[in-house]
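Work through the following exercises with the sequence and the model side by side. Each task is followed by a solution that proceeds step by step.

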Amino acid sequence: MAGIYIHIPFCKQACHYCNFFFSTSLKLKNDLISALILEIELQKNFLSGEMVETIYFGGGTPSLLSEKDLDEIFNQIQKHFTISSDPEITLEANPDDLNADNISILKNSPVNRLSIGIQSFHEADLKYMNRAHNAIEASDCIEKVQSAGFENLNIDLIYGTPGLSDELWLENLNKFHENKITHLSAYALTVEESTALDHFIKTGKSQALNDEQARSQMILLMDFMRHSGYEHYEVSNFALPGKRSRHNSSYWKGAAYLGLGPAAHSHQSNFRQWNIANNAKYIQSIKTGKVPMEREILSEIQQYNEFLMVSLRTVWGIDLKIIEERFGKEKLEDLLLNSIPFQNSGKMIQNQGVLKLNPTGMLEADRITAELFLD
Ligand code: SF4
């Protein structure tokens with residue numbers, strides 16, 4: 001089981017909080033797509049013939065791809081990789097791109113799952129984040145894609161913005177639920193270094209974020225989603241039964257994946273690699289037949305920490321048998337010993353060979369995981 005991630009590094013405008021790799025100039029888009037087609041061929045052996053179960057277009061803004069771009073990318077992937085008969089193919093889309101023409105192009109392509117960057121249904125929130133869409137587009141696009149037959153749908157929402165009261169947050173969640181959307185990714189707004197938001201807060205133009213607000217809105221989120229019948233299967237992800245993201249689940253289960261495009265990351269059990277985060281240099285290098293990437297061989301400690309990090313974020317938790325088989329009895333005993341304070345405080349539970357976070361532990365997943373890491 002393997003996955004392919006394709007990074008489309010272009011956006012119409014820069015959201016104030018975003019530190020992903022993208023360019024707001026579309027000048028190099030055609031050259032970049034040509035380079036991407038070449039990279040698919042250059043990387044054809046990365047997955048050693050493993051069956052590709054999932055393909056994920058992320059970004060940036062993949063909904064900026066034209067019909068021709070999509071056709072060329074899919075043809076090239078089909079030519080060089082073995083695709084399962086029932087793949088999950090997700091494309092991240094922004095509401096302002098989801099007009100009738102684009103939806104029809106996507107519906108006629110192999111894409112069978114959309115992940116829409118709604119972030120909020122409230123105008124003031126969208127303006128604060130500098131999103132390219134407005135509240136009307138946020139609401140309308142859901143109805144449009146559902147009417148076109150996209151049933152497997154994720155939306156992203158962000159909480160913890162300064163203007164978002166608990167009531168407004170619940171309104172966002174109700175809107176999600178009323179629309180019978182199958183999957184939700186919900187993130188607390190964070191301030192990443194060197195973003196516009198970081199600058200605004202440092203210069204007093206925006207107020208600092210409130211950790212307590214983010215925590216209480218995550219509690220509201222977890223309660224709301226549980227009562228609405230969604231599985232909380234990863235810290236930030238909720239799905240109706242049978243509608244978990246297969247692509248992201250394979251990341252969290254440590255499956256191999258190939259990342260294509262600038263800044264894309266790839267992973268095999270004992271190494272990870274990442275492409276250069278620069279569109280012009282990426283295109284230049286690919287033209288000479290060389291994938292511009294760096295590779296890091298993972299030490300046993302890094303593999304252990306990575307396994308802990310991805311497993312603990314999920315509902316399936318850490319399989320203790322795998323810890324013993326891959327890392328030895330001593331590491332298993334250390335892990336169990338170090339987890340005792342968290343088990344005693346009700347943040348973790350050990351049951352049937354699995355160690356996992358309870359809902360209260362999910363609120364502090366990053367801190368708890370870091371405390372269980374090996375140095
Ligand atoms: S659209 Fe997505 S990738 Fe582009 S700037 Fe906004 S959050 Fe970042």
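**Exercise 1: A crossover and its strands**

In this predicted model, strand 2, helix 2 (residues 67–80) and strand 3 together make a right-handed β-α-β unit. Determine how strand 2 (residues 52–59) and strand 3 (residues 83–93) run relative to each other and how many bridges join them, and then follow the pairing of strand 3 on to strand 4 (residues 113–119).

Solution. Step one is to recall that strands of a sheet pair through backbone hydrogen bonds, either in the parallel or in the antiparallel sense. Step two is to look at strand 2 and strand 3, which run parallel and are joined by five bridges; within this pairing, Phe57 stands opposite Leu91 of strand 3. Step three moves on to strand 3 and strand 4, which also pair in the parallel sense, over four bridges. Here Leu91 has Leu114 in strand 4 as its bridge partner, and Leu91 is the residue that stands opposite Phe57.

**Exercise 2: An antiparallel sheet**

Find the order of the strands in the open sheet that three strands form, and identify which of them are the edge strands.

Solution. The strands of this open sheet follow the order 13-15-14, with antiparallel pairing. Strand 13 (318–319) and strand 14 (348–351) are the edge strands, since each of them pairs on one side only. Turning to one of the pairings, strand 14 and strand 15 (residues 354–357) run antiparallel and are joined by four bridges, with Met348 standing opposite Leu357 of strand 15.

**Exercise 3: The surroundings of the ligand**

Which residues lie around the ligand, and how do they divide into nonpolar, polar and charged?

Solution. Begin with the residues with low numbers, where Cys11, Ala14, Cys15, Cys18, Phe20 and Phe22 are among those around the ligand. Then add Gly59, Gly60, Thr61, Asn94 and Gly117, which complete the list. Sorted by character, the shell holds six nonpolar residues, five polar residues and no charged ones. Two members of this list deserve a second look, namely Gly59 and Gly60, for a cis peptide bond joins them, with omega at about 15°. Gly60 itself is placed in the loop between strand 2 and helix 2.

**Exercise 4: Buried or exposed?**

Decide for His7, Tyr304, Asn130 and Lys180 whether each is buried, partly exposed or exposed, using the cut-offs of 20 or more C-beta neighbours within 10 Å for buried and 12 or fewer for exposed.

Solution. His7, which has its place in strand 1 (residues 2–8), has 24 C-beta neighbours inside 10 Å and therefore counts as buried. Leaving aside residues up to four places away in sequence, His7 touches a set of residues that includes Gly58, Gly59 and Gly60 as well as Leu260, Pro262 and Ala264.

Tyr304 lies in helix 11 (residues 300–312) and, because it has 20 C-beta neighbours inside 10 Å, counts as buried. With residues up to four places away in sequence again left out, Tyr304 touches Phe327, Lys331 and Leu374.

Asn130 is found in the loop between helix 4 (123–129) and helix 5 (135–147), and its 14 C-beta neighbours inside 10 Å make it partly exposed. Although Asn130 is not a glycine, its phi is positive, at about 60°.

Lys180 belongs to the loop between helix 6 (166–178) and strand 6 (183–188), and with 11 other C-beta atoms within 10 Å it is exposed. Lys180, too, is a residue other than glycine with a positive phi, near 55°.

**Exercise 5: The protein as a whole**

What radius of gyration would a compact globule with 375 residues have, and what value does the protein have?

Solution. For 375 residues, a compact globule would have a radius of gyration near 21 Å, and the protein agrees with this because its value is 21 Å. Along the principal axes, the C-alpha trace spans about 55 × 50 × 45 Å. The secondary structure comes to 15 helices and 15 strands, and 37% of the 375 residues count as buried. Finally, taking the contacts between residues at least 6 apart in sequence, 70% of them join residues at least 24 apart.

Key:
Residues numbered from 1 in each chain as written. Predicted model: local features only at pLDDT ≥ 70, side-chain atom pairs only at ≥ 80, totals over all residues. Near = placed C-beta within 6 Å. Nonpolar A, V, L, I, M, F, W, Y, C, P; charged D, E, K, R; others polar. Helix = DSSP H or I, 4+ residues; strand = E, 2+ residues; numbered from the N terminus. Rg over C-alpha atoms; globule rule 2.2 N^0.38 Å. Contact = placed C-beta atoms within 7 Å. Pairing = 2+ DSSP bridges. Right-handed = clockwise from strand over helix to strand, strands pointing away.
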